[in-house]
Every structure is written in structure tokens, then in C-alpha cells.
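Opening a fresh page for this one. I wanted to look up a sheet, the helices lying on it, and a handful of ring contacts.

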Amino acid sequence: MSRDKLWLEAQSMDEQEDNGSEDPGQDITIQSTIVGEDEESEASSTDFPTQMPLLAVRDIVVFNYMILPLFVARDKSVKAIEAALNNNRYIFICTQRNEQVEDPGIDDIHQVGTVAMIMRMLKMPDGRLKILVQGLSRANLDQVLQEDPYTEVVVEPIQEEAVTEIGNDEEAQMRTAREQTEKIISLRGMDSTEIMTVLNSVEEPGKLADLIASNLRMNTEMAQGILECHDPMERLRMVNQQLLKEVEVASLQSKIQNMAKEGMDKAQKEFFLREQLKAIKSELGEDETEEEEFEELRSAIEKSGMPKEVKKEARKQFKRLESMHPDSSEATVIRNYLDWMVELPWKKQSRDQLDINKAKDILEADHYDLEKVKERILEYLSVRKLNPKMKGPILCFVGPPGVGKTSLGKSIARSLNRKFVRISLGGMRDEAEIRGHRRTYIGSMPGRIIQSVREAGTRNPVFMLDEIDKVGADFRGDPSSALLEVLDPEQNHNFTDHYLNVPFDLSKVMFVCTANILDTIPPALLDRMEVIRIPGYTEQEKVKIAQRFIMPRQIKDNGLKENQVSITSKAIATVIRSYTQEAGLRNLERELASICRKIAREVAEGTEKKQFRVLPGNVHKYLGVPRYQEEEKEKELLPGVALGLAWTAAGGELLHVEVSTMPGKGKLITTGQLGEVMKESAQAALSYARSRAKSLGVDTDFAEKKDIHIHVPSGATPKEGPSAGVTLVMALLSSLTGISLSNEVAVTGEITLRGRVLPVGGIKEKILAASAAGIKTVVLPAKNYKDFQEIPAELRKNVELKTVEHIDEVWPVVTGKNTLQEVPGEEEKGDMAQGSGAS
């Protein structure tokens, strides 16, 4: 660029009008110009006075060889310009550290700046000044002479290190800078000929760095760092780093622009083709007017029964839809949203069946036993009959798999004459599954709650939330937290789905949850539900359920007739004992289905046999060798082995606890994947045995001379809980005394160090397991007697109950020998410690 052209730009400032709307505090608008070799004499001159006014600028760093216009508005800055023009036109330009500061002091500006010459000045109508300055030399702020009415300073010019020889490294850096600059200019669609001519003529690394840096887009901190760098080569390296970043940004911008252009071209083409298609359809008389569709949608909104505020939102979205092109993506989103809105049952609800006797008959016909659940449903119906405005209950059925929790929900819906919907929460980890996705996402839709209510078609269905104890959580949110609003009667009347973004009333919905265990359900969520436990079935109950429900269904499903198949109750009992091992009924139904399939095959093959009778003696013909033998109950227990009862998610289980003593140093070994609570129970059992060693006739120092190994078989199965405390004590005492325990007695209960027996849970399941294993006597904590009374009478007849309060009472029951003193020794009195865990 020639000097004449540069000065022509400066002179044109007198003729320009300020079309910008700069704030009074905004000092700078940048329009820099590169200065070539022919201006070197002026730009590189350092023959200037060291005393001059200071001009603080906000968001620009002025480099050597840089010519740019500045707008000046602050009073102090205007007076500094006027002082410079009245003197020698030199001014020291420094950049503010914080551009938000309106009146910067010396501490608010960088100490390294640029001495510049004011080439032209133009006064604006609003009182601002527009000046054209040229950077001459770097300088340090050495001394402040005055700060009012403008800042006057003394500067010290910075002498750059001279590059005496251009080596390979220097040449490579300079070529890289030129090439990267040319690439950036090319990516931005500019003509690089004139600029590259100037850059190719510069032979000094420092000057090349300053020329390029003055035109680079970078933040103030980075530009100030380059300005303060005295080493020319280091400065050039810093500039090259910035150039690399700019090349990446420019390349990405170019790619985005090309993609946007292609997308626009495609959209224009599709729009043109659609308009042609509309015209063709119109000529053929196949045009379905949009007005008819809009009128149908408008009518659906008005008839939907939406609340006032919800209808207001629907009308608002409908007006937006009318003003949009029908083929636009946003119109599709709004249309889908309105479709969801009009299809939801805002007012439609089922009329409850309030005939209590009829509802009772339905429940009795569908399920055997389960008296507590049936009673709760009939109570709800009774209150609903007296108070139609009552809110729906939130029940939680807890029990082992296969006890009929899910099918019970269907029976409840049938007895109430309501719709039934079910969603499985097992493995759910995304909160949006409950609350829905916001409409800003592609493919967004309401959550499973709103989807199921629309599927039901009424606002008061029986809504089953299956497997609520298996809800997960991850980075996408916690579904159990979202369920807090759904399952709270005080909040769910105003449930807001993220997709709908309007409240929907769930208070009329009857929520029924199912779970196998309660431990994994968050306490806040569990607090909102009415828990009803459904324990496992007794053998007699299973037999009756099989005869009344399972066999008729399987006979029908397998294409047989009722008079073709008969199975005795004893045969069903054989299937239960020898082919299933569960608290529920699923495996029993599978085995009975297998019997029916084999009979169906014989019928299909044309057998002459007209009736098939299944007896205990021929069950193996249909099901093969029995899977489960009565090995749980051994003929005789060896010393150190005790029978306990445990509760699992699948029901009760007979537990063998084995203890072995051997010479050693008092080490306690536990195996069989015992949990922390069971390990603590083992330690408590050992401590109790040591305290009673004298009464047992055992060496009082046995814990120092013997190692004790406690093992619970089925080592691959983790075991946890306090129920084995009494069992561990009995097994340990049996091992130390060499006395065998009875194989017809099973025990359960938690222990304390002073020998108290504390209550535990899962009593019905444990009694079921004991009965199935042929156990004659069960020892329970005295405080569990009330739980035993709730067990069906036919099950209570199968076992003899012994209740105990102290561990001394257990030994005579399991051995038949009263070898322990009834009164603890003097050293055992007092409260030594708390129990080994919570029941």
C-alpha cells in the first residue's frame, strides 16, 4: 500500500459521518492498516521526546507499524489528545487491565504500551473525537508527572534485541507466518495479493510479528503478551501459535458456511417441488384444504375438556401453527404437541363399581387367600361410596416373585370397573422416562406416566408401577426423585410433564406399586406409599390355587378338555416338593404346563387313551427325575452343625451353619460370603460362648488355644442379616461341647452379648421353609409370637413353636439336655453391649 493511499484514508475522515452508536465510555473502534517497507523511516523512528500525555484504551493493543482510527469520548482522554496536538502530536497508548473500569488510574493499565503519533483528528457533533494514530515504538511507563486534568507521563523506549543473522530456524518461522496468514485470508474469501506483497518485503522477524499481530483477532491478554515480548524470534513464535488457532477457526467457519449453504439450497428445492405438487393436486381435484384440518383441530381443542389455563396454552400454540408453513419442522412439532393435548382424558373417567358385594365376589374369584389386600380394596370402595371426592390411594405390594402382585392389580381394576395400565420401572435410569422430554429436543415425547394415561383413555385408571425397587440412577437423572411428585397425593393433582409443560391431574389415579424388597426404595419414596406385604404361599395354599386357577387355565391353553385330564391334590403336592422350590407359583405353573403339553402330545399323536390321570406315582413320567430331594433335613446332625431359618427375596430358606474348632491361636474364620451383620453376629456368638465357657464345661481359655471356623454352605450366595445370631451360638456351643443338635429343630433370632434373643422379620416365609423341609419344632424370639399368630392355621399345625427370651432357653430345646445354668454368672451381669444388628 502506498503512503498516498494511506493519507488519502486519513483525509477522508473529514468527510465521513459517524454512523455508529458508540457508548460515551467506549473509546475504540478498530480499523487497522498494514504499513509497508516504504513507511519504515517514519514508523520505526524512536526520535521522540520521553514526556507526553497518556491515552488509556479499553479493548485494543496498539503495535508498532500499525495505523488505526480511534474514537475518544472520556473527558480525560479528550484533554490528553488536545494536549498532544498542541505540543508535538506524540501520545503514549496503554491498554486497560479491566475494560469495565470507567476512570482508570495508573494501577488499572498495563505498564508496557506504544508511543504513537496522532496523524489526523476530527471532532464529532456529539463532542467525541475521531483520531488516526500510527504506532511508532514500544515503551515502558517510567514516571507519572500528573493525573489531572489528563495524565502526563515519562516513558522509556524499549530497544529490541537485534537479529544479526537470519538462520534456518528464523527463516522457517517467517515463512510459516506468511503462509498461515495467506491461508487465513484465502479462507475468508479476501484478496491476499496486496497484503502478501507487503509481508514478503519484510525481512526482520520482529517487524513481521508486529505487522501480523496488529491484524490478528485475539483477546487483549494475548495481544498484550506479544507486545511485552522483547525478543523478536520469541514474539514471532507467539504470533505463529495464534495463527494456527486462527487457521483452525477459519477452516471450521468455512465448513459451517458451506454446510449451511447446501442446506438452504436443499430446503429451497424441496419447497419448490412441494409447491409444484400442491398445484398438481389442486388441478386433479385432490387438494385437501388446510382450513378443514385446522377447523377439526380447533374443534377438538374446544371439546377436549381442558382446564382454563391449559386451553389457553393450546389456543396459543394453535395460533402459532396457523401462521407457519405446514412443511416446516417447527409446525410438525407443534402439531404433534396439540395432538397429544387433545387426546389426553382431561375430564373423561370411568364410573366406579361401588357394589361392595360384587367387588368382593370378583376378588374372591380371581385370587385365593390374600385377605389383607382384599380387605383394603373393599375399604377403599366403601369410603369412595361415602365420599366420591376422595383421592386415590397409593399401595405398594411387597413380596417374593410369583405371588401374584401384578395379577392382583388387574383384579383390582376389574373389581373397580376401571381401566388398567402398567409400566415396568426395572432398570429405568432416565428421569425423562417419568417427566418426559422438553420439546426443544428432536423426537421428544411425554413421559411414561402421561403416555399410559392417554393409553387408558380415562383420568382414573388403576396404574401399576412394577418393580419400583429396581429403579436406577445415573447422569441423566434419578427417576425415583421424579416419582416423588407422582406418588404424593398432595402434589400429583398438579403434575407437570416436561413435554406438555402444563399441569395434569393425577389425583384420581389409583397407583399400585410392586416390589420384592423395600431396602432399595428411597425412604422419601417409601414414605408416600401404603405397604402391604404378600408373603409366600403354604403348600396347602399352592395346592388349592393350582386346582382352582392354574390347572383349568393350562388345560384350556394347551387345547385339552376338562374331562381329559385329572390331577390329584397329592400329585400337585409332589410337584411342589420335588420340582419347585419357591415362595410363589411361577415354577409350579411351568411344571403343570409341562404335564399338560406332554398329555396334549399324546392326544395329538392319536392315542386311544381317553382320560389321563396324574398321580404321585407317575409324576416323574411327565417331569423326569425329581429336581429337589429332601436333603435339607439330615438324618443326624454332626457336632458343630445347627439348623437356622433365613429370609430371602424368593421366600424362606433352611440354613445350615457349620462350626469347626482346631488347634490354633484364637483366630475366628468366617466363610460362605457372610455380610458384615452376620460377621458381627459370629463375633457376638464367640464372645457369649467365652463368657459361658465355665458353665459349658469347656476350657475357659479355648479362645486362645483353638481357631474357630464358621461356614455357611452355598458359598456362592451372599448372606446378610441378623437372623442367624441364635443359630451361630448353637453351632458354636455344639462344636465346643461335642454334643449333636436335633435335626428336627430350627432356630432364628438375633442375639446380644448378654444372651437376650431379639425379634426378627420374615416369620411366615421362615415357617414355610421349615414346614417344607419337615422340621417339627421352630424356635422363635418371644416378641415374634404375634407374627406367628398371623400365619394360616393349617401351617401352624405342621410345626411346634417354642418362644424364647434368652439364649439359655434354646439349648435344652435343640439338644434335649439342660447343661447350661439358668442364672448367668456374676461376671455376666450388666449391660455389656448392644445387639449385633437391626432386625
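My notes below go from the sheet to the rings.

**Entry 1, the sheet.** Reminder to self: this is a predicted model. I looked up the strand order and got β9-β10-β13-β8-β14, 5 strands in an open sheet with parallel pairing. Which strands stand at the edges? They are β9 (420-424) and β14 (530-533); each has a single partner strand, so one side of each has no neighbour in the sheet. I also noted the twist: neighbouring strands here are turned by 20° against each other on average, ignoring direction.

**Entry 2, one strand pair.** I picked β8 (residues 394-398) and β13 (residues 510-515), which pair in the parallel sense over 5 bridges. To get my bearings I looked for what Leu 395 faces, and found it opposite Val 512 in β13.

**Entry 3, helices on the sheet.** I went through two of them. Helix α14 (residues 405-416) lies across β8, β9, β10 (462-466) and β13. I wrote down its angle to β10 as about 175°. Helix α16 (residues 448-456) lies across β9 and β10, and runs at about 155° to β9.

**Entry 4, aromatic pairs.** How many aromatic pairs turn up in a search of the whole structure? I got 5, and wrote up two of them.

Phe 48 and Tyr 90 came up with ring centres 5.9 Å apart and planes at 45°. Planes under 30 degrees apart would count as stacked and over 60 as edge-to-face, so this pair goes down as tilted. I then checked where the two sit: Phe 48 is in the loop between α2 (40-43) and β2 (51-57), and Tyr 90 is in strand β4 (residues 90-95). The partners are 42 residues apart in sequence, so the pair ties together separate parts of the chain. Buried or exposed, I asked of Phe 48 and Tyr 90? Both are buried.

Phe 294 and Phe 318 are edge-to-face, at 5.9 Å centre to centre with 85° between the planes. This pair links distant parts of the chain, with Phe 294 in helix α9 (residues 290-303) and Phe 318 in helix α10 (residues 308-322), 24 residues apart. I have Phe 294 as buried, and Phe 318 too.

**Entry 5, charges over rings.** I logged two cases. Lys 207 lies over the face of Tyr 65, 5.0 Å from the ring centre. Arg 454 has its charged end over the ring of Trp 340, at 3.7 Å from the centre.

Note on methods: Residues are numbered from 1 along each chain as its sequence is written. This is a predicted model: local features need pLDDT of at least 70, side-chain atom pairs count only at pLDDT 80 or more; totals for chains, interfaces and linings use all residues. Side-chain values use heavy atoms; hydrogens and water are left out. Two strands pair if DSSP finds at least two bridges between them. Helices (H or I, at least four residues) and strands (E, at least two) are DSSP runs, numbered from the N terminus. Axes are lines fitted to C-alpha atoms, for helices over the stretch in contact, and angles run from 0 to 180 degrees between N-to-C directions. Contact means heavy atoms within 4.5 Å. Rings of Phe, Tyr and Trp (its six-membered ring) pair if their centres lie within 6.5 Å; planes under 30 degrees apart count as stacked, over 60 as edge-to-face and the rest as tilted. Buried means under 20% relative accessible area, exposed over 50%, partly exposed in between (1.4 Å probe, protein chains only). A charge sits over a ring if NZ of Lys or CZ of Arg is within 6 Å of the ring centre and within 35 degrees of the ring normal.
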